[in-house]
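Here's a short tour of a protein model. Take a look at it first, then read on.

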Amino acid sequence: MDKIPKIWRDNLITYGMVIAIYAVMQILISFGLVSRLMQGLLVPLCIYVILAISLNLTVGILGELSLGHAGFMCLGAFAGAFFSKITVEAITFSPLRFFLAIVIGAVVAGFFGFLIGMPVLRFRGDYLAIVTLAFGEIIKNVINALFVGLDDRGFHFSLSDRASLGLYEDGEVIINGAQGIIGTPQDSNFTVGIVLVLLTLFIVQNLIRSRDGRAIMSIRDNLIASESIGIHVTKYKLMAFSISAALAGVAGVLYSHNLNNVVASPRAFGYNMSIMILVFVVLGGIGNIRGSMIAAVVLTLLPEMMRGLDRYRMLIYAIVLIVMMLFNWSPQILAWREQHSIKDLIGRVRGRSRV
Amino acid sequence: MKMFKKVLSLCLVAVLSLSVLTACGNNDSDVFKIGGIGPLSGGAAIYGIAVRNGAQIAVDEINAAGGINGVQIEFNMQDDEHDAEKAVNAYNSLKDWGMQILMGTVTSTPCVAVGVHSSADNLFQITPSASSANVVKDNDNIFQICFNDPNQGYGSAQYIGQIGVMGNDGSLVTNVAIIYDSSDVYSSGLYDTFIKEAANQPFNIVATEAFTESSNTDFSVQLQKAKDAGAQLIFLPLYYKEASLILAQAAAIDYNPVFFGGDGLDGILTVENFNTGLAEGVILLTPFIASSADAKTQAFVSEYERLHGEIPNQFAAGAYDAIYVIKAAIEHSGATHTMSVSELGDALKVAVTQISINGLTGENMTWLPTGEVNKAPKAMVIVNGIYVEL
């Protein structure tokens, strides 16, 4: 074990955790031991884990604040669902169709990440946070106003209402404004979700350990120093941000193929969702991939597991959030934890027994 | 420090993994288990809470009178925060509890998402208020208590065109403006069919003004445009919160058209700090009137007021009816609580098309096999602070 460098070992533990959880869940499901609620939560958990990892790339590794991650997820969700909806009869082999949908969702979200990053990432300061915040809201509102129909003559677009599409009788409305896309094929499942989590991990962890990743982290740590040694700052910032956006798009495709209908509602893709993903990252540890994955899982499961508490559910959830935040970040508690650490205690006991 | 963290996370993992494991799902209890799903927290919570309260009153009444064929009902309402994903979670958690019949969901988007799962389970589902046409489309196990959105938009256009509305200037309304929320499923659903049917009707649409959820507080621009276009009537396919603002802002610019809305306007008289005098003359198509002289309605309203201290809205009334529809369908089909979910679903979805119910939200309600309700729409006008049938 000692022969493997520590960095690799760390990565392998993360992969191992994901695979172990997958294996355990599959065994439990095959014995019928998993509740229906939990089975239904498996895909959403994968979605939030992917979102947490991808945002950690922007916030933790690149060191820029993004408040519009849900906007990229929204783009991916709609691009993927749109593709699946129009090809559901043409491509009957669903894994292939879903694969293509994922690629399209990732490309669309990544492209918009690139477009937004291009002007904004040239600046220093909090401009990315401001622009992504606006972007997330704009995307949501544009999709809510967008009508796309398909009939024999091809596609029809409108930004006013359904009637102005001028469809033939046999035409079909694909994106119906605020009513979104209905009838997306349900292609998401736990296995695909886990494969995508592993893929996301593979991309992000390898990026971090690569030459490019070290350049990205050097920008985070000291912009002037990295510029002085000839690192192309904008290029690396753009690279990290676009990859992060593309991965959010993948999560979006998974989302829209897990539900029958996808609507650009504030609850699903609004500002609060972006903040929720940011909370996963901050609670799990900025720059700590595994931590943010665990935070995403715990914070998604918690409100569902507390359904029995009825109306106190949200109150307790909020208290747990505050307690976790204090536990992880409050200086006094950090100092207290330092003094009362179990490792230390064991060490002291051992030391005494040696004497 | 690291160690401490590890122990803590191990404890967390242990607790979570315990909760993963299932309790046995078979219904060996001797009750009918009816589930409910709706927003009990968040922005749409008033609707979900009204449904929970209304349904609970019906359940208590039935249980006190001996239950359905002598079998008691257990009712469990879960929160979906008006979100599709959470609604599916709520559905799954109710299935774990042993739900046999679903009364819900309250809002449309979650209802469409839940519909896929309930129809896969062949579970009988009846929604008091999810009015989108997509709710019942392609699902033969889902039924609605409320009119669907297309019917409301169509009915409103027909009413203005055929029966006619007297404008406040003393002449029959011919110029109509629309203000609607383009980011809302209910509002845009009504708008779509209203516009479509308006083309066949003898009135003109002189202005259509949209707003979105993020700009739903200031309507002065939309109202000014409607005023300039000479609209005698403004169609408001909205919920009452926005409508109350529109009424107040129209009064502020001295604009006095007739306001006409769907069932979403029900509740406008209960908005806090709203001058109810402004709502005089507002016309709405609503299935339920709390001030009705009908004995059943009076009993329900006074019971609701006693328990919750407020006048029930149509969501509560719809939920009350939904529970009684379930009761009537079970009695008609002779189904028992020991049947499996799918057997119960098969029996009830046939039975519900064969019964006729006199409820709070309509006389002689019958259901089509598609899931749509068949009842006469009622147009109400607000006079002296109460609804009066037109």
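Let's start inside chain B: the C-alpha centres of its domain 1 and domain 2 sit 30 Å apart. Keep in mind that this is a predicted model. Where do the two domains of chain B run? Domain 1 is made of 31-147 + 294-374, while domain 2 covers 150-286. Where they touch, domain 1 of chain B brings 10 residues and domain 2 of chain B brings 11 residues. On the domain 1 side of that contact in chain B, you'll find four nonpolar residues, six polar ones and no charged ones.

Now for how the chains meet. Chain B uses 44 residues to contact 42 residues of chain A. Which helix of chain B gives the largest share of its side of this contact? That's α1(B), with nine residues. The helices below each supply at least two residues of the side of chain B that touches chain A:

| Helix of chain B | Residues |
|---|---|
| α1 | 2-20 |
| α3 | 84-97 |
| α4 | 108-121 |
| α6 | 185-198 |

By class, the side of chain B that touches chain A splits into 17 nonpolar, 17 polar and 10 charged residues.

What about chain A itself? It has 15 helices and five strands, and its C-alpha trace spans about 90 × 60 × 45 Å along the principal axes. A compact globule of 355 residues would have a radius of gyration near 20 Å, so the 22 Å of chain A agrees with that. Of the 355 residues in chain A, 45% are buried. And among contacts in chain A between residues at least 6 apart in sequence, 75% link residues at least 24 apart.

Conventions:
Residues numbered from 1 in each chain as written. Chains lettered and ligands numbered in written order. Predicted model: local features only at pLDDT ≥ 70, side-chain atom pairs only at ≥ 80, totals over all residues. Helix = DSSP H or I, 4+ residues; strand = E, 2+ residues; numbered from the N terminus. Rg over C-alpha atoms; globule rule 2.2 N^0.38 Å. Buried ≥ 20, exposed ≤ 12 C-beta atoms within 10 Å, placed from the backbone. Contact = placed C-beta atoms within 7 Å. Domains from an automatic or database assignment. Nonpolar A, V, L, I, M, F, W, Y, C, P; charged D, E, K, R; others polar.
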